[in-house]
Amino acid sequence: PYVVLGLPRTATLDEVKAFHMKFYGASYGEFVVVGEFEPEATQKEVSDLFNGWKTTAKHTRIATKYTKVEPESKVIEAPDKANAMFAAAMPVKMKDTDADYPALVLGNYILGSGMNSRLFARVRGKEGLSYGVGTQFTAPPEDDSAMFMAFAICAPQNAAKVEVSIKDELTQILENGYTEAEVEAAKKSWMQSRQVSRANDGELVGRLAWQRYI
């Protein structure tokens, strides 16, 4: 059984090949190179490799609009696994050009990004409940479907305690905010992390390709 265009059914090998021929190709895309290279020779090599790989399907970006969801909680049992995974997520109506975006990026950084974050210091460092804990916040340059997420890996018997601690930390921040010292330290740390990341070829290539597309 295969899934073709979202419809589960039995697909033949010829149908899979036809699907690949129609929808896969280099007609729409970005090719990014970093480091020391000869531009003309590289351009020729890329052209020789990909110019013949065409797709007949027109590229159409799939919009991802914000959708409000009702809160719910689910427990998925996996008895054969030694660890438990806690995850919580919330859609946010925002794009990365909104005025509040920088504040949310920094707030997320203080809350759950790295070993100096509040959640790491509390849930792992102080309480010893989790092997790894953190948060993520992403907002698109198009549409308005941002997402906030918190996660933690822990022993199954600690899962409920981890959830309580994460919710409590979030509540404290919503009620009291961050200290001025926390914000200033996070600004410096975040800026340094961005500078370091640009020295990584793999991340730099991805960043350039994405920004070139946008």
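Here is a short chat about helix 3, its neighbours and a nearby sheet in a predicted model.

Biologist: Let's start with helix 3. What makes its span close to the expected one?

Modeller: Helix 3 covers residues 101–112, twelve in total, and its first and last C-alpha atoms are 16 Å apart. At 1.5 Å a residue you'd expect 16 Å, so the span fits.

Biologist: Which residues of helix 3 are buried, and what covers them?

Modeller: The buried ones are Val105, Leu106, Gly107, Asn108, Tyr109, Ile110, Leu111 and Gly112. Their cover includes helix 4 (118–126), strand 4 (130–138), strand 5 (145–154), helix 5 (159–176) and helix 6 (180–197). After the helix comes Gly114, with a positive phi near 95°.

Biologist: Why are helix 3 and helix 6 called roughly perpendicular?

Modeller: Their packing angle is about 95°, and their axes are 10 Å apart. Angles from 65 to 115 degrees count as roughly perpendicular, so this pair gets that label.

Biologist: Which residues make that contact?

Modeller: Helix 3 brings Val105, Leu106, Tyr109 and Ile110. From helix 6 come Glu182, Val183, Ala186, Lys187, Ser189, Trp190 and Ser193. Sorted by class, that's seven nonpolar, two polar and two charged residues.

Biologist: And how does helix 3 sit against the strands?

Modeller: Helix 3 lies across strand 4 and strand 5, and runs at about 180° to strand 4. Anything over 145 degrees counts as roughly antiparallel, so that word suits helix 3 and strand 4.

Biologist: Now the sheet. What makes strand 3 and strand 4 edge strands?

Modeller: The sheet is open, with three strands in the order 3-5-4 and antiparallel pairing. Strand 3 (84–93) and strand 4 each pair on one side only, and that makes them the edges. Ignoring direction, neighbouring strands are turned by 5° against each other on average.

Biologist: How do you know that strand 3 and strand 5 pair?

Modeller: Pairing takes at least two bridges, and strand 3 and strand 5 have ten, in the antiparallel sense. Take Met90, for instance: its bridge partner in strand 5 is Phe148.

Biologist: One last residue, Asp143. Why does Asp143 count as buried?

Modeller: Its relative accessibility is 10%, and buried means under 20%, so Asp143 qualifies. Asp143 sits in the loop between strand 4 and strand 5.

Biologist: What is said about the phi of Asp143?

Modeller: Phi is near 65° there, a positive value in a residue other than glycine.

Technical notes:
Residues numbered from 1 in each chain as written. Predicted model: local features only at pLDDT ≥ 70, side-chain atom pairs only at ≥ 80, totals over all residues. Heavy atoms only, no water. Helix = DSSP H or I, 4+ residues; strand = E, 2+ residues; numbered from the N terminus. Buried < 20%, exposed > 50% of the residue type's maximum accessible area, 1.4 Å probe, protein only. Contact = heavy atoms within 4.5 Å. Axes fitted to C-alpha atoms, helices over the stretch in contact; angles between N-to-C directions. Parallel < 35°, antiparallel > 145°, perpendicular 65-115°, else oblique. Nonpolar A, V, L, I, M, F, W, Y, C, P; charged D, E, K, R; others polar.
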